[in-house]
Amino acid sequence: MATNGDQQATPKPPPSPSPLRNAKFFQANMRILVTGGAGFIGSHLVDKLMENEKNEVIVADNYFTGSKDNLKKWIGHPRFELIRHDVTEPLLIEVDQIYHLACPASPIFYKYNPVKTIKTNVIGTLNMLGLAKRVGARILLTSTSEVYGDPLIHPQTESYWGNVNPIGVRSCYDEGKRVAETLMFDYHRQHGIEIRIARIFNTYGPRMNIDDGRVVSNFIAQALRDDPLTVQAPGTQTRSFCYVSDMVDGLIRLMQGDNTGPINIGNPGEFTMIELAENVKELINPKVEIIMVENTPDDPRQRKPDITKAKELLGWEPKVKLRDGLPLMEDDFRTRLGVPKNK
Ligand SMILES: NC(=O)c1ccc[n+]([C@@H]2O[C@H](COP(=O)([O-])OP(=O)(O)OC[C@H]3O[C@@H](n4cnc5c(N)ncnc54)[C@H](O)[C@@H]3O)[C@@H](O)[C@H]2O)c1
Ligand SMILES: O=c1ccn([C@@H]2O[C@H](COP(=O)(O)OP(=O)(O)O[C@H]3OC[C@@H](O)[C@H](O)[C@H]3O)[C@@H](O)[C@H]2O)c(=O)[nH]1
């Protein structure tokens, strides 16, 4: 049973969705729901889960920031199903595991309709926990480093409670994810649900929306379009960037392991935004200009994961360095933007 030091209820055995599942000649695949599976991280997670022939993967997504395009290689596959579904509505299906990712992640998208972002985090997580409770599924929440807000300790350990503005423009996301974590633990303590919480730090890689608005996708798209790289002032703020394949590996290990978390999953390599811009310029377009532009309120000034827990409890650490990951993302952006390498 999962351990996190808190008192825990004894989990009930999962109800069997069909007596056939225990029959000798019935192929009992692991049924895995991925909410938000048409998005950036979700679609890479689906690719990895589909590699295992014992997995059946069901994606539920409302396509707010995701796209069917990200899943096109699986559409029609006998072990794959795609459902247009908004997680703020209940979902009645039979599954063994739930990876709950559904939520806009880029600040420009989560601020676009903040009330909807809160609903997605709170009602959406309640609905997925209700589903987990009904069918006895294990559920993993993709929480975020944003639960630490503008952190006053550095690097951030999971025991740090954070420094979040409860009424700011980012709060719909930060506080929404904090409530989602609370709900996960309350369902765990009250109903014995098997939970897993990943606190994801900034992740990048192929398939990010070209106009996603997050810094790595912005800089790469700008470099390929010969537009200036827009560093938001002061540019000394830091982030630590994890390549998506490392992230997916960490999420699967967390789901399959014995620990509830929360566990930080991220790459501790820390960069200022000026350093990131300089790296993109050097690697992708040495002629591009770097300019300073105005920032948005409550931008965290520093962020770096302490990944001791992930190393010890999951045997996980990231493998891909930023300077190796950026060219992989560049190739994907070149294809989608139609900008050949030696233009
Ligand atoms: N990428 C990162 O750096 C990062 C960092 C921390 C946490 N996370 C978390 O990881 C998850 C995935 O992030 P991502 O980067 O892939 O973002 P993304 O925007 O590419 O993917 C989110 C997906 O959720 C879907 N979605 C949004 N609201 C929904 C709703 N109400 N019902 C159903 N589907 C909905 C979107 O259409 C999209 O497919 C999110 O929960 C995010 O908070 C991501
Ligand atoms: O064009 C840009 C965009 C962003 N930035 C800066 O880059 C830094 C990172 O900004 P991003 O928008 O990529 O992402 P943030 O780190 O602010 O938020 C992210 O944190 C973790 C996740 O939960 C989410 O994916 C997202 O909320 C910020 O300091 C921002 O000011 C730029 O300098 N230029």
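Where is the place of P155 in the chain? P155 sits in the loop between β5 and α4 (171-191). Helices (H or I, at least four residues) and strands (E, at least two) are DSSP runs, numbered from the N terminus.

This is a predicted model: local features need pLDDT of at least 70, side-chain atom pairs count only at pLDDT 80 or more, and totals for chains, interfaces and linings use all residues. Residues are numbered from 1 along each chain as its sequence is written, and chains are lettered from A and ligands numbered from 1 in the order in which they are written.

**Backbone points**

The H154 to P155 peptide bond is cis, with omega near -10°. A cis peptide bond also joins G261 and P262, where omega is about 5°. P262 belongs to the loop between α6 (244-256) and β11 (263-265). R207 is not a glycine, yet its phi is positive, near 80°. R207 falls in the loop between β7 (203-204) and α5.

**Domains**

The domain assignment splits the chain into domain 1 (27-204 + 242-266) and domain 2 (215-236 + 270-302 + 320-337). These bounds come from an automatic or database domain assignment. The C-alpha centres of the two domains are 26 Å apart. Contact involves 13 residues of domain 1 and ten residues of domain 2. Two residues count as in contact if their C-beta atoms, placed from the backbone, lie within 7 Å. On the domain 1 side, five of the touching residues are nonpolar, five polar and three charged. Ala, Val, Leu, Ile, Met, Phe, Trp, Tyr, Cys and Pro count as nonpolar, Asp, Glu, Lys and Arg as charged, and the others, Gly among them, as polar.

UniProt, in an unreviewed entry, places the feature "domain: NAD(P)-binding" at residues 33-327. UniProt positions are given in the numbering used here, feature names are shortened, and annotations may be inferred rather than shown by experiment. Over residues 33-327 the chain is 36% helix and 18% strand. The end C-alpha atoms of that stretch are 31 Å apart.

**Ligand shells**

A residue is near a ligand if its C-beta atom, placed from the backbone, lies within 6 Å of it. The table gives the class make-up of each shell.

| Shell | Nonpolar | Polar | Charged |
|---|---|---|---|
| Ligand 1 | twelve residues | 14 residues | two residues |
| Ligand 2 | five residues | nine residues | four residues |

Around ligand 1 there are 28 residues, of which G36, G39, T65, G66 and A105 come nearest. Elements giving two or more residues to this shell are α1 (40-50), α3 (114-135) and β5 (138-144). The largest share, three residues, is from α1.

Why does ligand 2 lie between domain 1 and domain 2? Both domains give residues to the shell around ligand 2, so ligand 2 lies between them. That shell has 18 residues, with T144, R214, V215, N218 and Q232 nearest. α5 (215-224) and β8 (229-232) each supply at least two residues. The largest share, three residues, comes from β8.

**The α5 and α7 pair**

α5 also packs against another helix. Its axis and that of α7 (residues 273-284) come within 10 Å and cross at roughly 35°. Axes are lines fitted to C-alpha atoms, for helices over the stretch in contact, and angles run from 0 to 180 degrees between N-to-C directions. In α5, V215, F219, I220, A223 and L224 meet M273, L276, A277, V280, K281 and I284 of α7. By class, this contact has ten nonpolar, no polar and one charged residues.
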